[in-house]
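Work through the following exercises with the sequence and the model at hand. Each task is followed by a solution in steps.

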Amino acid sequence: MVLKNYFGEMTERIKSFRSALLDISPKVCTERAVLATRAYREHESEQVILKRAYMLKEVLENMTIYIEPQTLIAGNQASENRAAPIFPEYAMDWIIAELDDFEKRNGDRFLISEENKQILRDIYPYWKGRTLQDKAYTAYPESARTIYDIGIIRNEGNITSGDAHLAVDYENVLKNGLSSVRERAAEKLKNIDYADFNDMKASYFYKAIIIATDAVEAFAKRYAALARAEAETAKPERKEELLRMAETCSRVPVQGARNFYEAVQSLWFIHLVLQIESNGHSLSFGRFDQYMLPYYEQSLKEGVPREELVELLENLWLKTLTINKIRSWGHTRFAAGSPMYQNITIGGQTADGKSAVNDLTYAVLQSIGRTKLPQPNLTVRYFSGMSEEFMQDCIKMIKLGFGMPAFNNDEIVIPALKAQGVSEEDAFKYSAIGCVEVGVPGKWGYRCTGMSYLNFPKTLMIALNDGTDLTTGKKICEGVGKFTDMQTFEEVLAAWDFTARKLIRQGVILDNCADMVVEQEVPDVLCSALVADCIGRGKHLKEGGAVYDMISQLQVGVANLGDSLAAIKKCVFEDKTLTREQLWNAIVTDFGGEEGERIRKILLSAPKYGNDDDYVDELVVKGYDTYLDEIKKYKNTRYGRGPIGGNYYAGTSSVAANVPQGAGTCATPDGRHAGEPLAEGCSPAHSMDTHGPTSVFKSVSKLRTEQIAGGVLLNQKVTPQILSEQKDCDKLSMLVRTFFDDLHGFHVQYNVVSRETLLDAQKHPENYKDLIVRVAGYSAFFTVLSTQTQNDIIARTEQVL
Amino acid sequence: MNKGYIFNIQKFCLHDGKGIRTDIFFCGCNLRCKWCCNPESWDISGEHACGAAAYTVDEVVKEVLKDKPFYDKSGGGATLTGGEVFCQQEFAEELCAKLRTERINIALETSGYTERENFKNLIRLVDFVFIDCKHYDDAVHKEGTGVSNSRILDNIKYLAESGRDYCVRIPVIPYYNDSGKDALSFADLFQKTGVKAVQLLPFHQLGEKKYADMKIPYLYKGFSQLHKEDLVGYAKILSDKDIRVTIGGTL
């Protein structure tokens, strides 16, 4: 069955651009690496912040630029679209080590020419010992380094690439132009008292800002010149577009935007350059439908047809797809699909509690519903006053099956932010950053989430094994004895509590060390200049320039921890269906043999998180409480240096980390085999939620959400048939509204399961026990149906063009 | 305290009444419909139903109350279904009384095969009744379900006269009651009994695998499943007689 896309059709231009982008096999681009190396060599003796500014200038002045034949917006990240630039200042070892494997990866493949391989090998000697990774790894205190090496706590991404995970103050640049930022820095520079150490230090930062903003201006002007040159030979219609582009690029982002077209171009330049300055991902747009609204309305008033503005948006989304990032294979597995997480947030409420949804909100939804791409990552801010009309449009997008939009809930996020010390006014202005996490655009430092990952179930197993890792046999921390000697369940809980606290402390050490070295080696100039109040304080972001600076680590396998505790409590200490030795032997042998499988079945029948069963849900909360209590004790490297906060909090937006973290984790008492993925975010363990979505919501809502401000990630799966009729969509709306209004859930996103998934579910029913499908007005678990009926459902799975 | 045999308490059911509901599946059935999709429910002790257990009223109520926020938001509640609820009438009445004190909206799905007095005693406790009408002809009804339709029709008539909220459902089964002539005869019957609204449930084979599991023959093997669009003509015959028709299980 083929349905018309509710959101309408892309124009021919956009369709052609989109398919050209999708046809690309991503490559590695070495231009930035070469230019950065040249700038670093040339400015070796400068203060780091100045060296960073010269690097940006060198790249922006010399990198290849081009204007795609279909585009209305100028600006490219690398020598070809979707090619990943190399950022040598962060890390080079893995790049050189993996050069010959980029093309052979079984996911996230990148092509690279022999010539480019040689270019990278040639610059490698310069970077040896100079990269962020080299310096951070050397700086790690020994105890923490052991833990990093074994992989119980991972923060590889933090020392092999930039930070980002923030939204800058786009609103100000659009309105007042980058020149306002430059002028402010210049003004500050005039009044520097060089006899004052802090002032002197700030002077380099201000000089760097002037260099960087000049470089952005020159970069935009290069596009203006290119567009003008191309206009000379272009066909009349395209000529007109190119001339408009030339005029726009000579104005923005340096001056303020006057209409929607200028605003989009200005925004893109800034968003792009920030991703040339640093390769930190989750660089987000913030509340796009709010700060872009005046320009949108202005253009409508000037008589520009709405469809043209929607087309411009589609064009912008295609541009976000041109940005790419290559990660080490080790890190790739934590972020499969080379995601950039360029989040855009729409909807929500204004400070006076009114709906913030406007016509631009709908235009954004419409345009993303047409381009249907993994970028940008769309978040809708839910609040209880959200109109049903808008909710139903969101559900129509969910039905398109690309997992968007995700919902974040104002009703919990705003109070949670206020509890962290965010002002009332700013709390209402929050946006999603990356995927689930939240921050205040333009005022929040890097990585409101995205610090180290702590593997909860692995930590439990170390706790039960006297402080030694079962997989590697290495001693991780002081032990409290072996599980086989524990007489009561309370001893088990105490072992978890003791060990988790030790490891949480090590995680903080790793993170603080990484942040210390990032501050010393790779500060960002432009990014800092665009976040309040870096210029006012004369400090870049890592020095404490931001108004708010609270960060979160990621806790992986929350459900596995709770399920494991519940299985131990029930099977060993209460029902006594298993002895401690039986359970331990089964774990060590990965449930080997018939006896192992028998034991596994007993463990699987214990209560599981996600079924609204207090027995296990309370243990999840209790286990997590250790983390929440311990993490409160620690400060980040910006504490006491200006920002509000300067602390850590909890977060579960573990992206794809549950897969590699699971790969390195032995069998666990919840019945999970060694190597199998852990549960994602705060979602139930795979296929363990057998009581439907209301029970999942109830279980999740028992977590101390208000303290997990780094995000409580919940993925839900449905099939398109579940939403085939309007009545069903109405019920989904009520389901989500109950979760948010009454149960105070933080986040939910829906994966509408595709035909391919259904086919896979036929082949591997064991993996799809929780898959609900709808047939002829009835809902049923997919795997209990006969092949004939399954085939019927598959045949009737809607496909939307 | 009386215990009831229940083979499943299923959350987030969308198709048996208003809003988001929890379905309570009672064990035991006094009909033996050849197309039945829940053959595991036939035995009152739940012998064939995986997960069947004896529950106290309080245990069922506790489980139902877990989703109360969802009922409140969506206008949903609990649906008593089966099997046949009337096979455990005493338990059902106690359960309904308790659910009413908790202000839970109650729907009942029944074959309607019970004495008029029993029928009245239970339905006075529920907010909505779904009652099946499998065939208009008594002999054919007996042939397909094993019982006469006289009590059922009597109870449908009672419902139609009682002013209660209800809906008559016809499971449309190939070669049993799916012809145009059948639709016309149903229409005549409903006009006589005063039934104004009917829901058509297209035949499906969701239960096929269960027959194999229980090692009993499945008579509808290889029959093609009916879809909404297959019943459009059938529905028109009824609506031409001024009967309001919906197709599918959602209200």
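**Exercise 1.** Compare the expected span of helix 13 of chain A with the distance between its end C-alpha atoms.

Solution. Helices (H or I, at least four residues) and strands (E, at least two) are DSSP runs numbered from the N terminus. Helix 13 of chain A covers residues 260–277, 18 residues. The expected span is 1.5 Å times one less than the number of residues, so the helix should span 26 Å. Its end C-alpha atoms are 26 Å apart, which agrees. As for cover, 17 of the 18 residues are buried (20 or more other C-beta atoms within 10 Å of the residue's own; exposed means 12 or fewer, partly exposed in between; C-beta atoms are placed from the backbone).

This is a predicted model, in which local features need pLDDT of at least 70 and side-chain atom pairs count only at pLDDT 80 or more, while totals for chains, interfaces and linings use all residues. Residues are numbered from 1 along each chain as its sequence is written, and chains are lettered from A and ligands numbered from 1 in the order in which they are written.

**Exercise 2.** Which residues of strand 9 of chain B form its covered face, and which its uncovered one?

Solution. In a regular strand the side chains alternate between the two faces of the sheet. In strand 9 (residues 244–247) of chain B, B:Val245 and B:Ile247 lie on the covered face, B:Arg244 and B:Thr246 on the uncovered one. Strand 9 of chain B runs parallel to strand 8 (residues 197–202) of chain B, joined by four bridges (strands pair if DSSP finds at least two bridges between them). Opposite B:Val245 stands B:Val198.

**Exercise 3.** Which strands of the six-stranded open sheet of chain A stand at the edges?

Solution. The strand order is 5-6-7-8-16-15, with mixed pairing. Strand 5 (286–287) and strand 15 (715–718) each have a single partner strand, so one side of each is left without a neighbour in the sheet. Strand 15 pairs with strand 16 (residues 747–752) of chain A in the parallel sense, over four bridges. A:Val718 is opposite A:Val752.

**Exercise 4.** How many residues does each chain bring to the contact between chain A and chain B?

Solution. Chain B brings 26 residues and chain A 29 (in contact: C-beta atoms, placed from the backbone, within 7 Å). Among the elements of chain B that each supply at least two residues are strand 1 (3–13) and helix 8 (208–214). Helix 2 of chain B gives the most, four residues.

Key: Contact = placed C-beta atoms within 7 Å.
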